[in-house]
Amino acid sequence: MKITSFAIVFVLIFYPLFQIASMHLEDQDRAQRLTDRYNMMMKTAIQDAAYVLNETVDQDFEPGYGSRKFFRANKERAAETFYRTLALNFNIDGDPVAIGALAGYVPAIAVIDYDGYSIYATESFVDDHGQAQMREVWSPKKPYTYSDTQNNTVQFSLDGFVKCFDRVSGRWVQGPRSELADTLQIPLLRDAELFESVRRQTIINAIQSDLAYTINRHNRYAARYGIDYVFTLPQISGEEWDNGIDDIGFVAFLQGIPVGDQQYNDYSFAGGRLTKKKMVYASADPKTGIKYYSRNPAELPAKIEERFESEKEAARSGYFPVRR
C-alpha cells in the first residue's frame, strides 16, 4: 500500500476522533468560563447579603460599644438582597417566574446570628383554599445549645457570653463565662480552653446538621421545579466553619444549574462584620500578568480589580503578596 493510502486511512480513522476531542475541550473551556462567572455572581450576592445583616431589625439593638450581645441580624433583608443580586446578575430581575425557578437551585440559606441561627428553605403548606403550596420561609431562631452529663444546659453565643441552666440551683443565669465560672456548678465554664473548643464544635455541629437535613429534604421539592439533581451538603472544611462563626454571617448554597455536561455546585460564607477590618486589595501587573494583593492599594501595580477580607482569601484566588 502506498504512503498516500496509509495517510488517507489514517485521516479517515483518526480525524473524527480528533474532532470529538476538540469539541469536548471546547465544551470544557465553555463550562469553566461559565463556572467562573457563576462563582463571581455567587460571591457578589453573598457579600451584598452579609452587608445588610448590619441593618438591625430594631433600633434598640443597633450595634455599638457594649451592645454586641444584643445585636439582631436583619435576616429578611439579607435574603431579599441575596436574591435581588443574583437576579440582576442572571438578567432576570423583575421576572417572578424566573426568580422562582432560580430559587429551586438554592436548597438552603442560613444566617449565623449572635445567639442562634436561622435557616431559609422551601416549605410546603396548605392555603386557605385547601391547595398545596410551596414557599421559602425562615425557621425560628435555634440556640447553640449544649448539655453535659449532669443535665446542666449551656446556650452559647459567638463569644464568651452564655445563658446557663444550673441543675443544682435549678435556675437560669446569663453573663460572661469568666464571671459565671465560680458561681455555678457547671464544670465546662471553669476550663477556658475546653469551653472554647466545645463552644465552637457545638455551633458548627448544630448548623451543619440542620443544613444537611434541609438540603436533603429539598430533593422532594426540586422535582416539582423540574430539576433533575440530587442535592446534598458539600464537604466544608473545618477552617471555613471556624472562620464562618467568628461573627454574624450569611451562608448560601447554589446547586444543580447545568454547566456544559456537568452541574454547578457551590456555596459561600460571608460575615456581617460588626468590627470592620481593613480590606485586602488586589490587581494584576499589566506587564507580567502576575496577580498581587496588599492592604495598601497604593502598593499595587495597577488599578484595584478585586477586594478580599483576608490575605488567605486573596492567595486562594491566585494572588501573591506585593514584593516590598
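Which residue in β5 does Thr145 stand opposite?

## The four-stranded sheet

In this predicted model, Thr145 stands opposite Gln155 in β5. The two strands concerned, β4 and β5 (residues 153-156), run antiparallel and are joined by four bridges.

Both strands belong to an open sheet of four strands, in which the order is β4-β5-β6-β7 and the pairing is antiparallel. Because β4 (144-147) and β7 (171-176) stand at the edges and have a single partner strand each, one side of each is left without a neighbour in the sheet. On average, and with direction ignored, neighbouring strands of this sheet are turned by 20° against each other.

## The helix on the sheet

Helix α5, which covers residues 192-222, packs on the sheet and touches β4, β5 and β6 (161-166). The direction of helix α5 makes about 120° with that of β4.

## The hairpin of β2 and β3

Elsewhere in the chain, strand β2 (residues 117-126) and strand β3 (residues 132-138) run antiparallel and are joined by seven bridges. Within this pairing, Thr122 stands opposite Glu136 in β3. The hairpin has five residues between the strands, and Gly130 takes a positive phi near 80° there.

## Confidence along the chain

The chain averages a pLDDT of 83, and 83% of the residues score at least 70. Over residues 21-25, however, the pLDDT is below 50, and this stretch has one contact in the model beyond near neighbours in sequence. The pLDDT also stays under 50 over residues 59-70, although the model has 19 contacts beyond four places in sequence for these residues.

Technical notes: Residues numbered from 1 in each chain as written. Predicted model: local features only at pLDDT ≥ 70, side-chain atom pairs only at ≥ 80, totals over all residues. Heavy atoms only, no water. Pairing = 2+ DSSP bridges. Axes fitted to C-alpha atoms, helices over the stretch in contact; angles between N-to-C directions. Contact = heavy atoms within 4.5 Å. pLDDT = per-residue confidence, 0-100.
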